[in-house]
Amino acid sequence: MSKTQKKVVTSTLIIISFAIIILMGLCSTIFSSKPYVDPVLQPSFNEWKIECVVRDINYKRDLSRLDSILYAPLEIGYWGRCYGDKIIINSNSIDSTEEFLLKLVMYHELGHCAFDYAHYEFGEDIMNSALPQEKIVLYYHFWDILREQYFSRYLPKRERKRLLKKLEKQNCFCILGEDKLQDNEEQQTQHRSNTTKCSY
Ligand SMILES: [Zn+2]
């Protein structure tokens, strides 16, 4: 084999190797099973995804930073929490058979983690900072309306970023990804005062 031939073979091999690496990367992105969803939460998660598709919401982009949605023990007083890349629905507070409550809390936490929603305190809303046990029946009854309200506030990621920049310029500070769903009145008052400083 001549020197030139050797060079051609080497370059071809290098190109093929790069192509394989790129293909592997693409495949892992396309077929990635992120986020991992606990089987208990899968029905409500699927429902949320369908509601997104119906409204032409590109939920995959919104979920890109989310690694897992778990049904696991949290301290009592919380229904669930959004940790940015992870959602935990509290198995200490919600029984795996309480389908509606699981769904309500799942929508709430996905509101924070996927849509960057802050809490919303003007009337009954999925994004209320507190979802008291005695009011769950109300949320159940008005679910269709609440769900519409929830999705009507959706903004695509790009628009959210633009808005956030605008708010930062105005020196308006929002606590995003807050996570309290508890009954403690004192903390609620404190919490509400924190999250209603600016609304969007
Ligand atoms: Zn919350």
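The legends below accompany close-up views of a predicted model.

**View 1. Confidence along the predicted chain.** The mean pLDDT of the chain is 80, and 68% of the residues score at least 70. Over residues 26-31 pLDDT stays under 50, and the model has zero contacts beyond four places in sequence for this segment. Residues 172-200 also stay under a pLDDT of 50, but here the model has 48 contacts beyond four places in sequence. Where pLDDT is low, the predicted coordinates should not be read in detail.

**View 2. The open sheet of four strands.** The strands are arranged in the order β1-β2-β4-β3, with mixed pairing. Each of the edge strands, β1 and β3, has a single partner, so one side of each lacks a neighbour in the sheet. β2 and β4 run parallel and are joined by five bridges. β3 (residues 80-82) and β4 run antiparallel, joined by three bridges. Strands of a sheet pair through backbone hydrogen bonds, either parallel or antiparallel.

**View 3. Strand β4 and its surroundings.** Four of the five residues of β4 are buried, so this strand is largely enclosed by the rest of the structure. Isoleucine 89 in β4 stands opposite tyrosine 71, and isoleucine 89 is also the bridge partner of glycine 80. Isoleucine 88 of β4 stands opposite arginine 81. Apart from neighbours within four places in sequence, the contacts of isoleucine 89 are Leu41, Tyr71, Gly80, Ile94, Leu102, Val105 and Met106. Both Tyr71 and Gly80, named above as facing isoleucine 89 across the sheet, therefore recur in this contact list, where a contact requires C-beta atoms within 7 Å.

**View 4. The hairpin of β3 and β4, with arginine 65.** Three residues lie between the two strands of the hairpin, and glycine 84 takes a positive phi near 85° there. Arginine 65 belongs to the loop between α3 and β2. Leaving aside neighbours within four places in sequence, arginine 65 is in contact with Gly84 and Asp85. The C-alpha atoms of arginine 65 and lysine 86 are separated by 8.6 Å, although the two residues are 21 residues apart along the chain. With 13 other C-beta atoms within 10 Å, arginine 65 is partly exposed, because the exposed class ends at 12 and the buried class begins at 20.

**View 5. The largest nonpolar core.** This core has 32 residues, and those with the most contacts inside it are Leu41, Ile89 and Met106. Two or more residues each are contributed by α2, β2 (68-72), β4 (86-90), α4 and α6 (143-152). The largest share, eight residues, comes from α4. Two of the residues with the most contacts in the core, Leu41 and Met106, are also in contact with isoleucine 89.

**View 6. The buried and exposed faces of helix α2.** The helix has 13 residues and reaches 18 Å from its first C-alpha to its last, close to the 18 Å expected at 1.5 Å a residue. Ser44, Phe45, Trp48 and Cys52 are its buried residues. Viewed down the helix axis, the buried residues of α2 fall within an arc of 100°, so they line one face of the helix. An α-helix has 3.6 residues a turn, so residues three or four places apart point the same way. The buried residues of α2 pack against β1 (36-37), α3, β2 and α4. On the face turned away from the buried side are the exposed residues Gln42, Asn46, Ile50, Val53 and Val54.

**View 7. Two aspartates with positive phi.** Most residues other than glycine have a negative phi, and most peptide bonds are trans. Aspartate 56, which follows α2, has a positive phi near 60°. This aspartate 56 is placed in the loop between α2 (42-54) and α3 (59-62). Aspartate 56 counts as exposed because 6 C-beta neighbours lie inside 10 Å. Aspartate 116 likewise has a positive phi of about 60° although it is not a glycine. The loop that holds aspartate 116 runs between α4 (99-113) and α5 (136-141). With 19 other C-beta atoms within 10 Å, aspartate 116 is partly exposed, because a residue counts as buried at 20 or more.

Terms used: Residues are numbered from 1 along each chain as its sequence is written. This is a predicted model: local features need pLDDT of at least 70, side-chain atom pairs count only at pLDDT 80 or more; totals for chains, interfaces and linings use all residues. A nonpolar core is a set of buried Ala, Val, Leu, Ile, Met, Phe, Trp, Tyr and Cys residues joined through C-beta atoms within 7 Å. Two residues are in contact if their C-beta atoms, placed from the backbone, lie within 7 Å. The expected span of a helix is 1.5 Å times one less than its number of residues. The arc is that of the directions from the helix axis to the C-beta atoms. pLDDT is the predictor's confidence in each residue, from 0 to 100. Two strands pair if DSSP finds at least two bridges between them.
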